[in-house]
Amino acid sequence: MIPKTARKLEVARLSHNFREATRVVETPVQMPAEGQVLVRNMYAGVNASDINMAAGVYPMGDTPFDIGVESSGEIVAVGAGVDHVRVGDHVMMLNVGGGYRDYALANALDVVPIPAASAEITALMVGALTASVALYEAGKMTGGETVLITAAAGGVGAFAVQFAKQAGNHVIGTCSTDAKAETLKALGCDRVVNYKREDLGAVLSAEYPDGVNLVLENVGGKLFDDAVDNLAVLGRLVVNGFISEYLSGPVDVTAPRLYQKLLWQSRMVHGFILGHFAEAIPAHLQRILIDYGAGKISAQVDPTVFKGVDSIVDAVEYMYDGRNNGKIIITY
Ligand code: NAP
């Protein structure tokens, strides 16, 4: 039975303080129009970019606006003309504004049928897709190279470690706790650097004198600088994010211009936003779902339980405290 109203989290005013920016509201549940489906969300993924959306760094239009970009659940109603999915089917989706709410409308062609919604499968949507497309398309990942992943135990990072390892690379992963270091070893990291205990730059220059061939960089600040300084000749660094500056805003530095560090070694620094690689997404998602179904990749989900729309702000703050070991998933 579909309720008349349901709850959602919306951004009421732009702020880097996610708690102050957002509010939970009761909203009418709209039935799907032609070509749409209505999904009862069962799980939603928490993403570092939620903060950027709430702060207006990503253009989201006027407030109030809906937030939460990925979820999985059960189709409870279909609009006219929808015949490839049915009521009762489980699906997952990348749907900006559709994640942090009990019921979400989506274009029927955008939902991905899955055997059964779960926290683990929900983690694939943004986390695995971003890792795969960033490494293979932007980073031109092959095999037989040294690959560095920062924030390696997180939602994107834990998949990146697996993809880089399975492609036949030597993989270095950074993290901030012993528990995450254990996770990374279990995922196949050849060298784990807990950057709270060891200096990444010192480790790389001592242990990898020929440099690192490919970097998936998620953190920014000193880790970015250390990674650029230790790129090999023809090395590629993919700027996938810089979470250390999302709350503070840009940090000004006085240093020689970046090209001083790039030209002499033919190094490349490549910005990356998943949405700009839309044409590559279907093939990557198909391979990810096949490999996940075959047990070739595992989804690391943080064990902390976040239940319902009211828990989302706590979950985002948990991430920004650097506490998550794996992907943070909201259970509805
Ligand atoms: P996540 O990795 O699950 O969680 C964030 C992790 O970042 C924390 O657990 C923490 O782990 C690490 N971190 C390092 N310095 C931090 C700081 N100052 N504050 C908070 N955390 C810090 O998050 P995610 O959602 O998967 O995102 C990871 C990165 O991927 C982010 O930079 C995000 O913007 C990026 N991303 C990019 C795209 C794209 O299209 N470009 C798409 C999705 C995500 P440790 O410190 O223990 O390593």
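**Group meeting talk: contacts and strand pairing in a predicted model**

I would like to begin with D291, which is buried, with a relative accessible area of 13%, where buried stands for under 20% relative accessible area, exposed for over 50% and partly exposed for what lies in between, using a 1.4 Å probe and protein chains only. Before going on, I should say that this is a predicted model, in which local features need pLDDT of at least 70 and side-chain atom pairs count only at pLDDT 80 or more, while totals for chains, interfaces and linings use all residues. Residues are numbered from 1 along each chain as its sequence is written, and side-chain values use heavy atoms, with hydrogens and water left out.

The side chain of D291 forms a salt bridge with R287 at 3.9 Å, N to O, the term being used for a side-chain nitrogen of Lys or Arg within 4 Å of a carboxyl oxygen of Asp or Glu. Both residues belong to helix α9 (residues 281–293), four residues apart, or about one turn of the helix; helices here are DSSP runs of H or I with at least four residues, strands are runs of E with at least two, and both are numbered from the N terminus. R287, in contrast to its buried partner, is partly exposed at 27%.

R287 also lies over the face of F163, 5.5 Å from the ring centre, which satisfies the rule that NZ of Lys or CZ of Arg be within 6 Å of the ring centre and within 35 degrees of the ring normal.

That brings me to the aromatic pairs, of which the count is four, taking rings of Phe, Tyr and Trp (its six-membered ring) with centres within 6.5 Å, and calling planes under 30 degrees apart stacked, over 60 edge-to-face and the rest tilted. F159 and F163 have ring centres 6.3 Å apart and planes at 25°, so this pair is stacked. Both are buried, and they sit four residues apart in helix α4 (residues 157–166), separated by about one helical turn. F306 and Y318 make an edge-to-face pair, at 5.4 Å centre to centre with 65° between the planes, and they link strand β15 (residues 306–307) to helix α10 (residues 312–320) across 12 residues.

Helix α4 also takes part in a salt bridge, between K165 and D190 at 2.9 Å, N to O, which connects the helix to the loop between α5 (178–187) and β11 (191–194), 25 residues apart. Both ends are partly exposed, D190 at 38% and K165 at 30%.

Turning to the strands, β12 (residues 212–217) runs parallel to β13 (residues 231–239) and is joined to it by five bridges, where pairing requires that DSSP find at least two bridges between two strands. Within this pairing V215 stands opposite L237, and on β13 V238 has H270 of β14 as its bridge partner, the strands β13 and β14 (residues 268–271) being parallel and joined by four bridges.

Finally, how many disulfides are there? The count is zero, with a disulfide taken as a pair of cysteine sulfur atoms within 2.5 Å. The sulfur of C175 lies 8.2 Å from its closest cysteine sulfur, in C189, and this is too far for a bond. Both cysteines are buried, C175 at 4% relative accessibility and C189 at 9%.
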